[in-house]
Amino acid sequence: MSSTGAQKSGSLTLVLMVASAAFGGTLQYGYNLAIMNAPTTFIQTFVNETFLERWNIQLEDYQVTLVWTIIVSIFSLGGFAGALIAGPMTIRFGRKKCLLLNNIFLMTGALLAVTSRAAKSFEMILIARVLVGINAGISMNVQPMYFGECAPKHLRGAISLSSAVFTAFGVVLGQVVGLREILGSEPCWQYLLASNAIPGLVQLLTLPWFPESPRYLLIDRGDKEACINALRRLRGCEVQSSELDEILQEQTETKGMRARQPWELFTDRSVRWQLISVMIISSAMQLCGNDSIYFYASYIFKEAGVSDDKIQYITIGTGTCEFAACILCNLLVERKGRRFMLMGGYILMTVWAVVFTIALLLEHNISWMPYISMTCIFTYILSFGLGPAGVTCILPTEIFNQTARPAAYTIAGSMMWLNLFIIGMIFPFLVSELSEYCFVPFGVVCLLSALFVGLVLPETKGKSLSAITSEFNKLNFKSQDEKCASQAKKQYQLGEVSLSTAL
């Protein structure tokens, strides 16, 4: 086979590996966010009927809303649990096997969901949501790590960003499958909740044919031959010495070091600002309120004055916006850089949050203001997809070494899921209490996030880990450097005094 043909074969292997891992991976996160919007009233009725049949209790409206909010938001607690166990699982089983084992949670959850109606148990829906949350939590941590370690340096950002593209695709797919004409009707809602098993099955059938992460094989398992074979398959040609040398350098730097635990990173000064950056940016990804739009799209569009019969079709537009934006971000990230995309996304979101608030305040006075409100929601999601949605998941891969990376993803994932849970729980009450001002807190978060990225985060595009680490060390050891500099200055001045005395 010619070198060109081999490279094409390698590129195809890489693309198919990305599709296989992501289709049963981060796609599940977006899909499980979106499918809960369509059956809202049906599951609320089911909960009410269950209470009435079991205990002869007629729930009040606020009680039904509370149970429903718990069903929706407990997905985030499952995700938090998944984020906590993702790190140890990747260390023990490897990146690829971890993704495959992760389907156990998904299939069990799907089985509980599909049988919950026949069993007349809304508790089974709760447990199913926890299990698919665990599945999503593991996928959101392991998949970007797997992609970042498999991709060549010049494509690392674009390949890692495909996680966000598939998340957005999952949202669109969930919204389409959730249409009343498909599975979003009253007789079919249990099948809608269990339909997430199909992408999981696709992954189980395809992912075993692809290689494990080369970095994991060499650095964690010490198997150089397996690493070279994996690289050869992924690149479709003989391994370039520069790429292998970089992995060997990282192996040398981490030789004798065991995998770090999450709590150890908090006491390590050499990764202080890396950790702060990951925690703030992962939290901002949820505190900006974007994913709450999928949880409670109907609430927002009702506030904007959209009629009930049109809401399900308009919500598909929200997912399509993020999907299109993530693809655009994927094309731009290696040209414009991570910092530019992240900061630009948050600045745009701040602008749209302000415009949206003004539009909501004026919607009763100006007839066309509801359309401005809807436009702002779409542009808000579009701006999120252009930067924060994709770039956030790349950072732990690029700024932490192999021994600290699983722990960093555990912390980042935990922050993301905890904040998603908090936002998911308070969002309906935020809408009802703040009404027209409901997006003001999100606008503040976006503004502060843009400032943090602009002032603190260095650019990581196309840089080696050692170069990125040296950038962060300027912050991690700033006070120490200043102290050394002041001591050197004193010694220099002292030397001048001694010299003048001698003269």
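**Figure 1. Arginine 95 and glutamate 149 are both buried.** In this predicted model, the two residues form a salt bridge, and their closest N and O atoms are 2.8 Å apart. The pair links distant parts of the chain, with arginine 95 in helix α5 (residues 95–101) and glutamate 149 in helix α7, 54 residues apart. When you look around this pair, keep Arg405 in view as well: Arg95, Glu149 and Arg405 are linked in a network of salt bridges. For the model as a whole, the count comes to 11 salt bridges.

**Figure 2. Glutamate 246 meets arginine 215 in a salt bridge.** The N to O distance between these side chains is 3.4 Å. Here too the pair links distant parts of the chain: glutamate 246 belongs to helix α13 (residues 241–253) and arginine 215 to helix α11 (residues 214–220), 31 residues apart. Are these two residues buried or exposed? Both glutamate 246 and arginine 215 are buried.

**Figure 3. Lysine 120 forms a salt bridge with glutamate 53.** The closest N and O atoms of this pair lie 3.2 Å apart. Because lysine 120 sits in the loop between α6 and α7 while glutamate 53 sits in helix α3, the salt bridge ties together parts that are 67 residues apart in sequence. Lysine 120 is partly exposed, at a relative accessible area of 44%, and glutamate 53 counts as exposed, at 55% relative accessibility. The backbone of lysine 120 deserves a look too: this residue is not a glycine, yet its phi is positive, at about 55°.

**Figure 4. Asparagine 56 has a positive phi although it is not a glycine.** The angle is about 55°. To find the residue, follow the loop between α3 (40–55) and α4 (61–93). Asparagine 56 is exposed there, with a relative accessible area of 65%.

**Figure 5. The structure holds zero disulfides.** Take cysteine 98 to begin with: the nearest cysteine sulfur, which belongs to cysteine 150, is 14 Å away, and cysteine 98 is in no disulfide. Cysteine 150 is in no disulfide either; for this residue the nearest cysteine sulfur is that of cysteine 227, at 10 Å. How accessible is cysteine 98? Cysteine 98 counts as buried, at 0% relative accessibility. Cysteine 150 is likewise buried, with a relative accessible area of 0%.

**Figure 6. Alanine 359 is a buried residue of helix α19.** Its relative accessibility is 1%. Which residues does alanine 359 touch, leaving aside those up to four places away in sequence? The partners are Met369, Ile372 and Ser373. For a backbone distance in this view, compare the C-alpha atoms of alanine 359 and cysteine 376, which are separated by 8.7 Å and belong to residues 17 apart along the chain.

**Figure 7. A nonpolar patch on the surface has about 1,100 Å² of accessible area.** Its members are Val354, Ile358, Leu361, Leu362, Leu434, Tyr437, Val440, Val444, Leu447, Leu448, Leu451 and Leu455. Helices α19 (338–362) and α23 (440–455) each supply at least two residues of the patch. Which helix gives the most? That is α23, with six residues. Leucine 451 is a handy place to zoom in: this residue lies in helix α23 and is partly exposed, with a relative accessible area of 45%.

**Figure 8. Confidence is lowest in helix α25 and highest in helix α6.** Helix α25 (residues 478–502) has a mean pLDDT of 47, whereas helix α6 (residues 103–119) reaches 96. Across the chain the mean pLDDT is 84, and 91% of the residues reach 70 or more. Over residues 488–503 pLDDT stays under 50, and the model has zero contacts for this stretch beyond four places in sequence. A friendly word of caution for this last view: where pLDDT is low, the predicted coordinates should not be read in detail.

Definitions and conventions:
Residues numbered from 1 in each chain as written. Predicted model: local features only at pLDDT ≥ 70, side-chain atom pairs only at ≥ 80, totals over all residues. Heavy atoms only, no water. Patch = residues over 30% accessible without salt bridge, like charges linked within 9 Å, V, L, I, M, F, W, Y side chains within 5 Å. Areas by Shrake-Rupley, 256 points an atom, 1.4 Å probe, with all protein chains shown as cover. Salt bridge = Lys/Arg side-chain N within 4 Å of Asp/Glu carboxyl O. Helix = DSSP H or I, 4+ residues; strand = E, 2+ residues; numbered from the N terminus. Buried < 20%, exposed > 50% of the residue type's maximum accessible area, 1.4 Å probe, protein only. Disulfide = S-S within 2.5 Å. Contact = heavy atoms within 4.5 Å. pLDDT = per-residue confidence, 0-100.
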